[in-house]
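Dear colleague,

I am handing over the structure we spoke about, with the sequence alongside, and below the display you will find an account of what came out of going through it. Please read the text with the model open beside you.

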Amino acid sequence: MKNKNFLIPLLFIPILTFSQDKFRFPIYPGCEKLKTNEELEKCFSDKLWEDLRKTKNFTELENEVDSKLTLYFTIMKNMKISMFSYAKGSNPELSTKYLERIQNILDNYTTEGLYIRPAMTNGKYENYRYILKVNPFER
């Protein structure tokens with residue numbers, strides 16, 4: 001039998017590597033020592049609610065809420081907070097009152113030289129839209 005040289009084509013199978021973007025949640029003042037995104041997210045929420053509860057007549061405002069509110073604001077990569085808004089279906093008057101309080105809290109931090117550190121992906125700051133849900137049934 002004759003020796004036949006077969007050219008065996010080499011198949012290059014591209015190895016797909018899905019690099020997971022390294023994301024870090026925004027850091028609320030007082031949460032700087034935490035490491036994981038879960039810890040940072042919980043601390044952010046807890047501290048924001050703690051600050052809200054310290055505002056004047058908060059209990060009265062909280063008692064006015066009779067349906068869910070979904071509030072938004074954006075933590076900009078330059079450490080400014082902007083784009084305060086609320087979801088369709090949220091009570092506009094109550095949502096505005098909550099957002100005004102949040103804005104005042106964050107403005108006071110800025111006056112004191114404290115800022116919310118923006119989110120990061122792969123070591124670069126990015127804008128992050130924070131969502132705060134107010135549910136009267138989970139008090």
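K97 counts as partly exposed, at 28% relative accessibility, in what is, please keep in mind, a predicted model. The partner of K97 in a salt bridge is E93, and the closest N and O atoms of the two are 3.6 Å apart. Both residues belong to helix α3, which covers residues 92-111, and they sit four residues apart, about one turn of the helix. E93 has a relative accessible area of 51%, and because exposed means over 50%, E93 counts as exposed. This pair does not stand by itself, since E64, E93 and K97 are linked in a network of salt bridges.

How many salt bridges does the count give? The count comes to four, and two others are worth looking up in the model. K42 forms one with D46, where the closest N and O atoms are 2.7 Å apart; both of these residues lie in helix α1, four residues apart, which is about one turn of the helix. K42 is exposed, with a relative accessible area of 53%, whereas D46 is partly exposed at 39%. The side chains of K54 and E50 also meet in a salt bridge, at 3.7 Å from N to O. Here K54 is exposed, with a relative accessible area of 60%, while E50, at 38%, is partly exposed. As background, side chains of opposite charge can pair when their charged atoms come close.

Turning to the cysteines, the count comes to one disulfide. It is formed by C31 and C43, whose sulfur atoms are 1.9 Å apart. The pair links distant parts of the chain, with C31 in the loop between β1 (23-24) and α1 (37-53) and C43 in helix α1, 12 residues apart. The torsion about the S-S bond of C31 and C43 is about -85°, so the disulfide is left-handed. Are the two cysteines buried or exposed? C31 is buried, and C43 is buried as well.

Helix α1 also holds L48, which is buried, with a relative accessible area of 1%. Once its neighbours within four places in sequence are left aside, L48 is in contact with Y28, F73, I102, Y130 and L132. For one of these partners, I102, the separation from L48 is 54 residues in sequence, yet 8.0 Å in space from C-alpha to C-alpha.

L114 offers another place to look, in the loop between α3 and β4 (119-121). L114 is partly exposed, with a relative accessible area of 35%, and, leaving aside its neighbours within four places in sequence, L114 is in contact with P29 and Y109. L114 and G30 are 84 residues apart in sequence, while their C-alpha atoms are 9.5 Å apart in space.

L114, P29 and Y109 also appear together in the lining of the second largest pocket, which has a volume of about 170 Å³. Besides those three, the lining includes N78, M79, K80, I81, L106, D107, T110, Y115 and I116. Which element gives the most to this lining? Helix α3 does, with four residues. By class, the residues lining the second largest pocket are eight nonpolar, two polar and two charged.

Finally, a word on the chain as a whole. The secondary structure of the protein chain comes to three helices and six strands, and from the N terminus on the elements run β-α-α-β-β-α-β-β-β. Of the 139 residues in the protein chain, 34% are buried. Among the contacts in the protein chain with a separation of 6 or more, residues 24 or more positions apart account for 66%.

With kind regards

Methods. Residues are numbered from 1 along each chain as its sequence is written. This is a predicted model: local features need pLDDT of at least 70, side-chain atom pairs count only at pLDDT 80 or more; totals for chains, interfaces and linings use all residues. Side-chain values use heavy atoms; hydrogens and water are left out. A disulfide is a pair of cysteine sulfur atoms within 2.5 Å. Helices (H or I, at least four residues) and strands (E, at least two) are DSSP runs, numbered from the N terminus. Buried means under 20% relative accessible area, exposed over 50%, partly exposed in between (1.4 Å probe, protein chains only). On a 1 Å grid over the protein atoms alone, a cavity is a set of points where a 1.4 Å probe fits but cannot get out, and a pocket is an open set with protein on both sides within 12 Å along at least five of seven lines; lining residues have an atom within 4 Å of a point. Grid points are joined across faces, edges and corners, and a volume is the space filled by probe spheres set on the points. Ala, Val, Leu, Ile, Met, Phe, Trp, Tyr, Cys and Pro count as nonpolar, Asp, Glu, Lys and Arg as charged, and the others, Gly among them, as polar. Contact means heavy atoms within 4.5 Å.
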